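Colleague: I'd like to walk through this one with you, feature by feature. Could you put it on the screen?

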Amino acid sequence: MTKDQIKLRSMIMIALFAAIIGILAQITIPLPLVPITGQTLAIGIAATILGSRNGTLAVLLYLIIGSAGVPVFAEFSAGISKLVGPTGGFLVGFIPAAFIIGFYMEKWGFTFTNALIANIIGMLITLAFGTVWLKISANLSWTAALASGFTPFIIVGIIKAALASWIGVVVRKRLISSKLLLSSHTNVNM
């Protein structure tokens, strides 16, 4: 496979996973300040399959598309106001979460156990960013911010981390065996 083919395949996968994040974001369970969404599940799947670089680029593309006005954020919302509103910290937290999940997987191996550990770490990173930003943007006490942005999401987050790990590892293996994804992390500058 040529360098251009590898580059094109990477760009297609990044765009595909940005779209998947946008689709799963529409699965929502409304809560007072911050809804439970399928976004974090999609972030975990993308990072588990694509690794640190391409997983993070998929998240960045998703955030750029949503910030530009395409309604890909939860509940078909969009705009830069979402990044600075009460849920903005969660959205921004997806960036380091995706990177850390992918990095952990690359360092320790693409197994279910490693994926579960990485996805739980990613969930905690997202919740930490989101809770801090929720406290600041909504002018909440730490107790109120933790009660609204962290505590209600722990159990659901662990379930989503397990799902993302299982789906990610299975799909990654199948993509590699069908030669749609490279097994090694060939860095191709885009």
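Colleague: Let's start with one residue. Where does S165 lie?

Modeller: In helix α7. Bear in mind as we go that this is a predicted model.

Colleague: Is S165 buried or exposed?

Modeller: The cut-off for buried is under 20% relative accessible area. S165 has a relative accessible area of 0%, so it counts as buried.

Colleague: And which residues is S165 in contact with, leaving aside its neighbours within four places in sequence?

Modeller: T48, F112, A115, L116 and N119.

Colleague: Staying on helix α7, which residues make the nonpolar surface patch?

Modeller: F112, I155, I159, L163 and W166 make it, and the patch covers about 520 Å². Helix α7, which spans residues 154-177, gives the most to it, with 4 residues. Notice that F112 turns up twice: it belongs to the patch, and it is also in contact with the buried S165.

Colleague: Take one member of the patch, then. Is I155 buried or exposed?

Modeller: For exposed, the cut-off is over 50%. I155, which has its place in helix α7, counts as exposed because its relative accessibility is 59%. So you can set two residues of α7 side by side: S165 is buried at 0%, whereas I155 is exposed at 59%.

Colleague: Let's zoom out. How many helices and strands does the protein have?

Modeller: There are 7 helices and 2 strands. Reading from the N terminus, the elements run α-β-β-α-α-α-α-α-α. The radius of gyration is 16 Å, close to the 16 Å that the globule rule gives for 190 residues, so the protein is as compact as a globular protein of that length.

Colleague: What box do the C-alpha atoms fill?

Modeller: Roughly 55 × 35 × 25 Å, taken along the principal axes.

Colleague: How do I read the packing from the numbers?

Modeller: Try burial, then contacts. Buried residues make up 44% of the 190 residues. Of the contacts with a separation of 6 or more, 68% are between residues 24 or more positions apart. As for the outside, the accessible surface comes to about 9300 Å², and 72% of that belongs to carbon and sulfur atoms.

Colleague: Now backbone angles. What sign does phi usually have?

Modeller: Most residues other than glycine have a negative phi. Here, E75 has a positive phi of about 60° although it is not a glycine. N139 is another such case, with phi near 55°.

Colleague: Where is E75 found?

Modeller: In the loop between α2 (39-67) and α3 (80-84). A74 is found in that loop between α2 and α3 too. With 13% relative accessibility, A74 counts as buried.

Colleague: What does A74 touch, not counting residues up to four places away in sequence?

Modeller: A25, Q26, T28, T37, Q39 and Y62. Take T37 from that list: its C-alpha atom and that of A74 are separated by 6.8 Å, although the two residues are 37 apart along the chain.

Colleague: Where does N139 lie, by comparison?

Modeller: N139 lies in the loop between α5 (112-137) and α6 (142-149). It counts as exposed, at 70% relative accessibility. A138 is found in the loop between α5 and α6 as well, and it counts as partly exposed at 28%. The C-alpha atoms of A138 and G85 are separated by 8.2 Å, with their positions 53 residues apart along the chain.

Colleague: What about S81, which lies in helix α3: how accessible is it?

Modeller: S81 has a relative accessible area of 48%, so it is partly exposed. The C-alpha atoms of S81 and S67, 14 residues apart along the chain, are separated by 7.8 Å.

Colleague: Last one: how do I read the confidence, and where is pLDDT under 50?

Modeller: Start with the whole chain, then look for the weak stretch. The mean pLDDT is 93, and 96% of the residues reach 70 or more. Over residues 185-189, though, pLDDT stays under 50. The model has 11 contacts beyond four places in sequence for that stretch.

Methods: Residues numbered from 1 in each chain as written. Predicted model: local features only at pLDDT ≥ 70, side-chain atom pairs only at ≥ 80, totals over all residues. Heavy atoms only, no water. Patch = residues over 30% accessible without salt bridge, like charges linked within 9 Å, V, L, I, M, F, W, Y side chains within 5 Å. Areas by Shrake-Rupley, 256 points an atom, 1.4 Å probe, with all protein chains shown as cover. Salt bridge = Lys/Arg side-chain N within 4 Å of Asp/Glu carboxyl O. Buried < 20%, exposed > 50% of the residue type's maximum accessible area, 1.4 Å probe, protein only. Rg over C-alpha atoms; globule rule 2.2 N^0.38 Å. Contact = heavy atoms within 4.5 Å. pLDDT = per-residue confidence, 0-100.
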